[in-house]
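Student: I have a model open on my screen and would like to learn how to read it. Could you walk me through it, one feature at a time?

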Amino acid sequence: MTAVDGAGAIDQLRRRKIACIVLDIRLPDMSGLDLVPMLLEHEPFAAILILTAVNDAQSAARCMQRGAMDYLVTPVDLPELQRAIVRALARRREAMEQ
């Protein structure tokens, strides 16, 4: 599923159970940084990965503090993205088991 903005992402999450979310930090209607806690409010165990062109350690740290599981800088190759998703889903599974 895809959403073009933060409101669309929240709407998707309200209608479906979503395990993993790949999120850009720059959205038309809000910051992905601000969206992370909103998404986790609807789905506390969502595995959220930030995928962005912004290589900023401070942004990465803030995303992780707000609940994102990974921060990937584009361009990212598909095997790297796949490994990040697998890691995030494993962490999600562990959190749910606890």
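Tutor: Gladly! Let's start with a helix packed on a sheet: helix α2, residues 32–42, lies across β1 and β2. Its direction is about 165° to that of β1. Keep in mind as we go that this is a predicted model.

Student: Which strands does helix α4 lie across?

Tutor: Helix α4, residues 78–97, lies across β1, β2 and β3. Relative to β2, helix α4 runs at about 155°.

Student: Now the sheet itself. What is the order of its strands?

Tutor: With a sheet, look for the order and then the sense of pairing. Here the sheet is open and has 3 strands in the order β1-β2-β3, paired in parallel. β1 and β3 (70–73) are the edge strands, since each pairs on one side only. On average, neighbouring strands of this sheet are turned by 20° against each other, direction ignored.

Student: How many bridges connect β1 and β2?

Tutor: There are 4 bridges between β1 and β2 (residues 47–52), in the parallel sense. You can follow individual partners on your screen: V22 has L49 of β2 as its bridge partner, and L23 has I50 of β2.

Student: Which residues of β1 are on its covered face, and which on the uncovered one?

Tutor: The general idea first: side chains in a regular strand alternate between the two faces of the sheet. In β1, I21 and L23 form the covered face, while C20 and V22 form the uncovered one.

Student: And β2, how many of its residues are buried?

Tutor: β2 is mostly covered, with 5 of its 6 residues buried. A good example to click on is T52, which is found in this strand, β2.

Student: Why does T52 count as buried?

Tutor: The cut-off for buried is a relative accessible area under 20%. T52 counts as buried because its relative accessible area is 3%. Leaving aside residues up to four places away in sequence, T52 touches D24, I25, Y71, L72, V73 and T74.

Student: Let me try a charged residue. Is R92 buried or exposed?

Tutor: R92 is found in helix α4, and R92 is buried, with a relative accessible area of 14%. Apart from residues up to four places away in sequence, R92 touches K17, A19, E43, F45, A46, A47 and M69. If you want a distance to try out, the C-alpha atoms of R92 and I50 are separated by 15 Å, with these positions 42 residues apart along the chain.

Student: How does R83 count by accessibility?

Tutor: R83 lies in helix α4 as well. Partly exposed is the class between the cut-offs of 20% and 50%, so R83, at 48% relative accessibility, counts as partly exposed. From R83 to T2 the C-alpha distance is 21 Å, and the two are 81 residues apart in sequence.

Student: What kind of peptide bond joins T74 and P75?

Tutor: To read a peptide bond, check its omega angle. The bond joining T74 and P75 is cis, with omega about 0°. P75 lies in the loop between β3 and α4. P75 counts as exposed because its relative accessibility is 81%. From P75 to A53, the C-alpha distance is 7.3 Å, although the two residues are 22 apart in sequence.

Student: Last, the pockets. What is the volume of the largest pocket?

Tutor: The largest pocket has a volume of about 330 Å³. Of the 15 residues lining this pocket, M1, T2, A3, I21 and V22 are the closest to its centre.

Student: Which elements supply at least two residues of that lining?

Tutor: Both α1 (6–15) and β1 (20–23) do. β1 gives the largest share of the lining, 4 residues.

Student: And how do the lining residues divide by chemical type?

Tutor: Sort them by side-chain class, and you get 11 nonpolar, 2 polar and 2 charged residues in the lining of the largest pocket.

Notes. Residues are numbered from 1 along each chain as its sequence is written. This is a predicted model: local features need pLDDT of at least 70, side-chain atom pairs count only at pLDDT 80 or more; totals for chains, interfaces and linings use all residues. Side-chain values use heavy atoms; hydrogens and water are left out. On a 1 Å grid over the protein atoms alone, a cavity is a set of points where a 1.4 Å probe fits but cannot get out, and a pocket is an open set with protein on both sides within 12 Å along at least five of seven lines; lining residues have an atom within 4 Å of a point. Grid points are joined across faces, edges and corners, and a volume is the space filled by probe spheres set on the points. Ala, Val, Leu, Ile, Met, Phe, Trp, Tyr, Cys and Pro count as nonpolar, Asp, Glu, Lys and Arg as charged, and the others, Gly among them, as polar. Two strands pair if DSSP finds at least two bridges between them. Axes are lines fitted to C-alpha atoms, for helices over the stretch in contact, and angles run from 0 to 180 degrees between N-to-C directions. Contact means heavy atoms within 4.5 Å. Buried means under 20% relative accessible area, exposed over 50%, partly exposed in between (1.4 Å probe, protein chains only).
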